Amino acid sequence: MAARLVSRCGAVRAAPHSGPLVSCRRWSGASTDTVYDVVVSGGGLVGAAMACALGYDIHFHDKKILLLEAGPKKVLEKLSETYSNRVSSISPGSATLLSSFGAWDHICNMRYRAFRRMQVWDACSEALIMFDKDNLDDMGYIVENDVIMHALTKQLEAVSDRVTVLYRSKAIRYTWPCPFPMADSSPWVHITLGDGSTFQTKLLIGADGHNSGVRQAAGIQNVSWNYDQSAVVATLHLSEATENNVAWQRFLPSGPIALLPVRGPSGQSAHMHAAFPLHFLSAFFWFQGNLPRLFLSDTLSSLVWSTSHEHAAELVSMDEEKFVDAVNSAFWSDADHTDFIDTAGAMLQYAVSLLKPTKVSARQLPPSVARVDAKSRVLFPLGLGHAAEYVRPRVALIGDAAHRVHPLAGQGVNMGFGDVSSLAHHLSTAAFNGKDLGSMSHLTGYETERQRHNTVLLAATDLLKRLYSTSASPLVLLRTWGLQATNAVSPLKEQIMAFASK
Amino acid sequence: MWGGRKLGSSGGWFLRVLGPGGWNTKAARRLISSAVYVKNQLSWTLQIKPGIFNEYRTIWFKSYRMIFSCLNRIKSFRYPWARLYSTSQTTVDSGEVKTFLALAHKWWDEQGVYAPLHSMNDLRVPFIRDNLLKTIPNHQPGKPLLGMKILDVGCGGGLLTEPLGRLGASVIGIDPVDENVKTAQCHKSFDPVLDKRIEYRVCSLEEIVEETAETFDAVVASEVVEHVIDLETFLQCCCQVLKPGGSLFITTINKTQLSYALGIVFSEQIAGIVPKGTHTWEKFVSPETLESILESNGLSVQTVVGMLYNPFSGYWHWSENTSLNYAAHAVKSRVQEHPTSAEFVLKGETEELQANTCTNPAVHEELKK
């Protein structure tokens, strides 16, 4: 509303100049270019999902969509035996989006792992919080990024009459139309690729990652900083035959370490689970907990360990046994505990148990790691980013181009899929109303809806990261009591889960 | 300001006697002195809006136009073939033409002077689309209005024509202001899909009635009827170009005290939501008047629903209250007798009146309207 008042006073959101890109050029001659309705720049998880969502949308049947991907086409002939080290935690909301255009079925036919419970605890105290769903629904799914990408690619191929995908094509220049309609100049966005071909489009969607070229070309301000942390990912083999449907996360002073289930003890990820009722299966395993392993394959989990740059580099380069020891000690060691915090925590725990004698969240012990997959250790730097505006006339940003978050909450790709879902919904309504797809009236609706959700999540994640990065006593006390109190209040936990699984 | 109310009511009487009712002697007496009333109207209007010079000129112009157009109407009723040679702009008000000429290049600025019209599309496009979809058994996804021929009368810069084209219909947009049509033509030329589906012409509705009789599935006259001189003729022409069973969509402003206060005083003079001089309260049409004229021309009114504009958010909303803006949907009856019976009634009454009134030629003209 405020933006509308401002714009009514005459200030139009112009595309300011930025570097070599000119913001307003007259293209009176280039009318032989193909005019696409939507161009999605960036063919990663979020960009490909956006192209799929639009391609399968009923009101986009006569529209032309283009997806530009700088990398080569990833063809997965056969699912590899080794699991990929890059996995994503997919929330139920994201799973709904993926199933709306049929990609989830492909993922189910390949492999994924559902988890029902999440335990998060502190290294400096005994405080823990346990999230689980009483109604035995899945809290989320751990899927390898390659599997998601393959499912999306297959679905894109099925709508190739509406969605054109260009691989190995990177846009090098974007030219914006004039903010005020002029007689001779084309009102569309012009895109020039590296090989010199040009296109015009009515709406450009930037899904090209946290160093987004679209965002830079549009001159949108980006609030960003780098964390002094890098994340180490690896695929680990667990030593016990647990049912492996729990996600574990421990906050160390150097950063959080998380263990995400990838494969269950019977050697399969999800086929059986899809066939049998889940509660029956977990009950079966619960009673079988101590029997020797009858199955041949290991339980696998994926590791995400955010720590300082030096420690991360060390972890990646150390030999495998030392690495496994480091991981186990990170989960099991009590070295950071202090007596003061322990007694303070115990006091609150006693008070809570007096108030709520019935509900006692059983503290579970995380599994221990046996070995790590060779060559599966990789590190990447972490940071936070948030674009000041998600939309401009004829431009919209989704995914990491709009927001970049710490992986501690497992929300990065889910926020991106949420953006896809919201923008696809707004564009679908606009198309059914015959509107110009690049018009700000519905783009601002998308921006408001998503900024409200994303800023909250970003702020909360950053706050948690900062809160848990220290071992100073007052803050440790604060967070210990806070965590225990939150754990005791079930409605609050349900609210948190509901917000995160949208 | 209260003079405006009196003014409005005398204007209302003026309009009502032109309608199908009220052929009594009291009304006839009023008609005789109607020319005087018209002059009084002029002086009242001048008092209310001081200092707007072109208003003076357009109002004088309007009164002469009215008399000329009445003469033409007599000719066309008595000599149907004379229609071909009548003045092309029988319902077009050249004063209005001038007002819109000044803003001809500003149509497509979504935050500019036409912002309320852009956001009105959120209401009127679904209104038209949904009512037309009721008549199509299976529509194609992505192009729901495929195969429909639509006429957009008073299309301006093509604000409503383009969305209808995007929904698959083939649309002809007409407007008497050629600058408007130039803007519209230029804007659609950049989109290859719309270029094929939309056609624009500079003309008034009367000019194309002959060649396009009974060819359109729908006629859209959005924010137009409050700018025409002769509403009856305009709606008759709309009916003539419609196929039997075709739909007529009208959005306009009601003629109430509230519409004067909010629609003219607040919107034009205080808040500047609408450019000054765009609307004249006397020409606003109430839903009852509109309904009666439509029914008498063989169009059965299906829906009348109010629209409200929120100037702070810039969005329109549907409303039960039709005292400001409203939208109407009427369907031309498939049976053919209705329009001819109306014509009979009209002819009979004009003959009767001719016998009754005096020889003043000016009165003849008013009667024929």
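Here is a short conversation about cores, a sheet and cysteines in a predicted model.

Residues are numbered from 1 along each chain as written, and chains are lettered from A in the order written. Local features need pLDDT of at least 70 and side-chain atom pairs pLDDT 80 or more, while totals for chains, interfaces and linings use all residues; side-chain values use heavy atoms, without hydrogens and water.

Student: Which helix gives the largest share of the largest nonpolar core?

Tutor: Good place to start! A nonpolar core is a set of buried Ala, Val, Leu, Ile, Met, Phe, Trp, Tyr and Cys residues joined through side-chain atoms within 4.5 Å, where buried means under 20% relative accessible area, exposed over 50% and partly exposed in between (1.4 Å probe, protein chains only). This core has 75 residues, and A:Met50, A:Ile90 and A:Ile205 touch the most other members. The largest share, 9 residues, comes from residues 45-55 of chain A, helix H2.

Student: What are the edge strands of the open sheet with the order S3-S7-S4 in chain A?

Tutor: Strands are DSSP runs of E, at least two residues, and helices are runs of H or I, at least four, numbered from the N terminus. Two strands pair if DSSP finds at least two bridges between them, and 4 bridges join S3(A) to S7(A), which run antiparallel. The strands that pair on one side only are S3 (87-90) and S4 (113-115) of chain A.

Student: How far from B:Cys155 is the nearest cysteine sulfur?

Tutor: A disulfide needs two cysteine sulfur atoms within 2.5 Å, and the whole structure has 0 of them. B:Cys155 is in no disulfide, and the sulfur of B:Cys203 is the nearest, at 9.1 Å.
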